[in-house]
Amino acid sequence: MLTRRAWLGGALGAAAAPGQTKKPNIIVIVADDLGSADLGFTGAKDIPTPHLDALARSGVHCTDGYVSHPFCSPTRAGLLTGRYQQRFGHENNPRYDRTDATAGLPLDQVTLPQTLSAAGYRTGIVGKWHLGATPEMHPMKRGFREMYGFLGGGHDYFQQQLDGDPREYLIPIERDGKPEKFDGYLTDAFSKEAAAFVDRAKPAEPFFLYLAYNAPHTPVQVPPAYEARLSGIADEGRRKLGAMIVALDDGVGQVMRTLKSKGLDKNTLVFFFSDNGGPTQVTKCSNAPFRGHKGEVYEGGIRVPFVVSWPGTLDADRKYNWMVSSLDVFATACAAAGAPLPAGRHLDSVNLIPHLQGLRKGGAHVRLMWRMGGGTAHAMREGDFKLVQRKGQPPELYSLKTDIGESRNIAVERKDIADSMAERLARWDKELIAPLFQSPQPAAQKKKKA
Ligand code: CA
């Protein structure tokens, strides 16, 4: 068996502390619908996020971090498989239905927790699943040995119904597959569970924790104590949203403190990002300076706050300006864990560690692609050029280097670039399949949430 130093291509060098010869723990923290400019380290002046700022300072802030989809479930499907989720038809949000075996992450896909579990990791999910609600699609059947959270796409932050009420946002909070009563605020409950999961760490057993907060996704609900901390924000919507982010930030602080108290902070690889851009049309979030929002392939829908921290292996207080993707978590985690990548399938995931260490010239990706709605919109970023194709509209080309806000379409004047990028995008599209299931209709969703 290879040593970890060899897995990482000798990259650790003299930086490897004696305590780091063990397999590292891995924590993936995902926020839900967080605006790209709503954290201190991404430019927010009104919402204090000292713990996330400290996490960013402890490692690498990837300024050009992307998710593989502009909304919830497909991003999570890509994250947990390391594959463009359209390769296996997971291009929409699954309807919450305990009997619909098509609505969720297809069972033939190999997940990151399955891979890490096979490599000796204790695997746990805390928070939102949103990858199918049938018994076969349950997180504990997809590689997680421990679970605290809910199966749907969002949840009320104070209430649940244990009586079989089918409304998605009121379904039971589960522990290891069994409904469990909870009191208090859901974000706090997830933080506490995540810290407890870390606290149960044993020296001989590395862990993988997927901490998938549903904050700050709607409904905008927050205890008065958090809101009081943002009393300087006059706008009520912004204040409440900010307070939800403060609660999330407190939770990240709690998890990181627990990690430190166990002496594990230097042997733990931590990722943080949002599953998509902020829904500026719904909440008082900000995606500045990007154009667009959740549900769109403009930067505002797909470019997110993105941090990778691994003290001792990655330098602190670094910025990485090449593209990285949420798809890369898979290969990065497997390389760190010494786990073999799943065989017999195309992965779109890159081990970021040598790139973030500055040992590889050039970017981790030549290009990244997006497709939503089975083809209602496509996008590709290649270098500093961004091609956007919306069905029935003329092609759009932007130079992100000079036009970060995607405001000046240069597809006509740079037709050569637009055409050649379109050709590569079409080639990628041919590798994909049609969506296996459709998102629930907005009317039905509204009724469920009501
Ligand atoms: Ca989301």
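**Helix 9.** I began with helix 9, which spans residues 328–337, and I found it mostly covered, since 10 of its 10 residues are buried. I noted the buried residues by name: Asp328, Val329, Phe330, Ala331, Thr332, Ala333, Cys334, Ala335, Ala336 and Ala337. I then looked just past the end of helix 9, where glycine 338 takes a positive phi of about 70 degrees. I keep in mind throughout these entries that the model is predicted.

**The sheet.** Next I followed the strands and wrote down an open sheet of 10 strands, in the order 6-5-4-3-7-1-8-9-2-10, with mixed pairing. Strand 6 (178–179) and strand 10 (318–325) stand at the edges with a single partner strand each, so one side of each has no neighbour in the sheet. As a reminder to myself, strands of a sheet pair through backbone hydrogen bonds, and the pairing can be either parallel or antiparallel.

**Strand 3 and its partners.** I asked myself how many residues of strand 3 are buried. I found that 7 of the 7 residues in strand 3 (residues 122–128) are buried, so this strand is largely enclosed by the rest of the structure. Strand 3 runs parallel to strand 7 (residues 207–212), and 6 bridges join the two. Strand 3 also runs parallel to strand 4 (residues 146–150), to which 5 bridges join it. Isoleucine 125 let me trace both pairings from one residue, as its bridge partner in strand 7 is tyrosine 210, while in strand 4 it stands opposite methionine 147.

**Strands 2 and 9.** I also looked up an antiparallel pair, namely strand 2 (residues 60–66) and strand 9 (residues 306–309), which 2 bridges join. Here histidine 61 has valine 307 in strand 9 as its bridge partner.

**The calcium ion.** I then turned to the metal and listed what coordinates the calcium ion: Asp32 (OD), Asp33 (OD), Cys72 (SG), Asp275 (OD), Asp275 (OD) and Asn276 (OD1), at 2.2 to 2.6 Å. Why is the arrangement irregular? The 6 donor atoms around the calcium ion subtend angles of 53 to 155 degrees, and this spread makes the arrangement irregular. Along the sequence, I wrote the spacing of the donor residues as D-D-x38-C-x202-D-N. Cysteine 72 lies in helix 3 (residues 72–81), whereas aspartate 275 lies in the loop between strand 8 (268–274) and helix 8 (299–302), so this pair ties together parts that are 203 residues apart in sequence. I checked whether these two are covered, and both cysteine 72 and aspartate 275 are buried.

**The cavity.** Searching for enclosed space, I found that the structure holds 1 cavity of 30 Å³ or more. The largest cavity has a volume of about 40 Å³. I recorded its lining as Pro94, Arg95, Tyr96, Ala103, His130, Gly132, Ala133, Leu151, Gly152, Gly153 and Glu168. Sorted by class, the lining of the largest cavity has 5 nonpolar, 4 polar and 2 charged residues.

**Valine 110.** My last entry concerns valine 110, which I located in the loop between helix 3 and helix 4 (112–118). Is valine 110 buried or exposed? Its relative accessibility is 25%, so valine 110 counts as partly exposed. I also compared its position with that of methionine 137, which is 27 residues apart from valine 110 along the chain, and the C-alpha atoms of the two are separated by 12 Å.

Notes: Residues numbered from 1 in each chain as written. Predicted model: local features only at pLDDT ≥ 70, side-chain atom pairs only at ≥ 80, totals over all residues. Heavy atoms only, no water. Donors = N, O, S within 2.8 Å, 3.2 Å for Na, K, Ca; no water. Tetrahedral: all angles 85-135°; square planar, octahedral: opposite > 155°, others 65-115°. Helix = DSSP H or I, 4+ residues; strand = E, 2+ residues; numbered from the N terminus. Buried < 20%, exposed > 50% of the residue type's maximum accessible area, 1.4 Å probe, protein only. 1 Å grid on protein atoms, 1.4 Å probe; cavity = no way out; pocket = protein on both sides within 12 Å on 5 of 7 lines; lining within 4 Å. Points joined across faces, edges and corners; volume = space filled by probe spheres on them. Nonpolar A, V, L, I, M, F, W, Y, C, P; charged D, E, K, R; others polar. Pairing = 2+ DSSP bridges.
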